[in-house]
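Student: I'm new to this one and would like a close look at a single part. Could you pick a spot and walk me through what surrounds it, then show me another piece of the fold?

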Amino acid sequence: MQDILVIGSGIAGLAAARACHAAGRDVLVIDKGRVPGGRCATRKSRDGWQFDHGCAIVDGGAAVLAETVADARATGVLAAWGSIGAPLVGVPGMADWPAWLARDLSLRQGVEVSAISRIPGGWRAETEGGPIDAVRVALTVPAPQALRLIGPDHALTDAAASVEMAPILTLMAAFSPVPHPGFEVRRTPLDPQGSVIWDGGKPDRPHAGAWVHHAGAEASETYLEETKEAIAEALLPDLCDLLGVRRRDAVYVAGHRWRYAHARRPLGQPCLVDPSGTFAAGGDWCLGTSVAHAWESGEAVARSLLAA
């Protein structure tokens, strides 16, 4: 039986796993995705375009991230970017930071959990490759996914159900010639809750013409169930207007759907812990929306499990 099983290799899961690993515990991290990081993600197209299409930055000034940020900057996986405060970005892409965080962990990607149940002496995670049993479990997936895994009768169900998640739709676009509108990050006039990021302006990026547009709440809800191609075409005019370019200047266009991108109504505490102390759930949805919130929640999950 595994000592500690972490389900989810996003930033909260990696924070929990690293804390447990540092305490000398045997830790296994599993995730259904291809690579660790969750929304700290980087998309690379076949023709070489690169986009950080999830989290755009890491808050370099967040106290909970101070130690890991200092280590990552020393190794060159995080670097300061631009003139918008004190943000850091992964180098050469945002996904490189979580890959570095996972470097010495026991990690299995491409493993999807279908249910979690109590067994004598611990917990069982059902997967297509067979069950994984563990004494302690850290569940660090979005709240709606956590609810599906634990079922209606779990001690944490009611609390997790109080969290309200919201989607974000994302456009990745590249232009030639390269637009230079004079900003790195900006809200969009037609969609004030949305944002536009000059991804190609980040350190060590391969192409200056890469831009990322995250839609606001209204557009994200409106086009949520559309195809990714339709999402891209719906968001593209707003981006072109802001950059002062024409549709025909776009040499690459792609859409992405983050169904559970952020907590519209967070839990309001760092994590949830089952009465036995051997099962804890967390993620950025517990405290807010940022990378720092995810990290803080993951460390709280680890402390709870280590104390059990």
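Tutor: Let's start with a polar contact: the side chain of Ser-297 reaches the backbone oxygen of Pro-270, at 2.6 Å. Keep in mind that this is a predicted model. Where does Ser-297 sit? You'll find Ser-297 in helix 8, which covers residues 291-307. Is Ser-297 buried or exposed? Ser-297 counts as buried because its relative accessibility is 0%, and the cut-off for buried is under 20%. Now look at what Ser-297 touches, setting aside neighbours within four places in sequence: Pro-270 turns up again here, along with Cys-271, Gly-282, Gly-283, Cys-286 and Leu-287.

Now for the other piece, a sheet. This open sheet has five strands in the order 13-14-15-12-16, and the pairing is antiparallel. At the edges are strand 13 (185-188) and strand 16 (250-265), each pairing on one side only. On average, and ignoring direction, neighbouring strands in this sheet are turned by 25° against each other. Zoom in on one pair: strand 14 (residues 191-197) and strand 15 (residues 210-214) run antiparallel and are joined over three bridges. In that region, Ile-197 stands opposite Val-212 of strand 15. Finally, helix 7 (residues 228-243) packs on the sheet, where it touches strand 12 (164-175) as well as strands 13, 14, 15 and 16. The direction of helix 7 makes about 65° with that of strand 12.

Technical notes
Residues are numbered from 1 along each chain as its sequence is written. This is a predicted model: local features need pLDDT of at least 70, side-chain atom pairs count only at pLDDT 80 or more; totals for chains, interfaces and linings use all residues. Side-chain values use heavy atoms; hydrogens and water are left out. Helices (H or I, at least four residues) and strands (E, at least two) are DSSP runs, numbered from the N terminus. Buried means under 20% relative accessible area, exposed over 50%, partly exposed in between (1.4 Å probe, protein chains only). A polar contact is a pair of N or O atoms within 3.5 Å; within protein, one must be able to donate a hydrogen and the other to accept it, and residues adjacent in sequence count only if both atoms are side-chain atoms. Contact means heavy atoms within 4.5 Å. Two strands pair if DSSP finds at least two bridges between them. Axes are lines fitted to C-alpha atoms, for helices over the stretch in contact, and angles run from 0 to 180 degrees between N-to-C directions.
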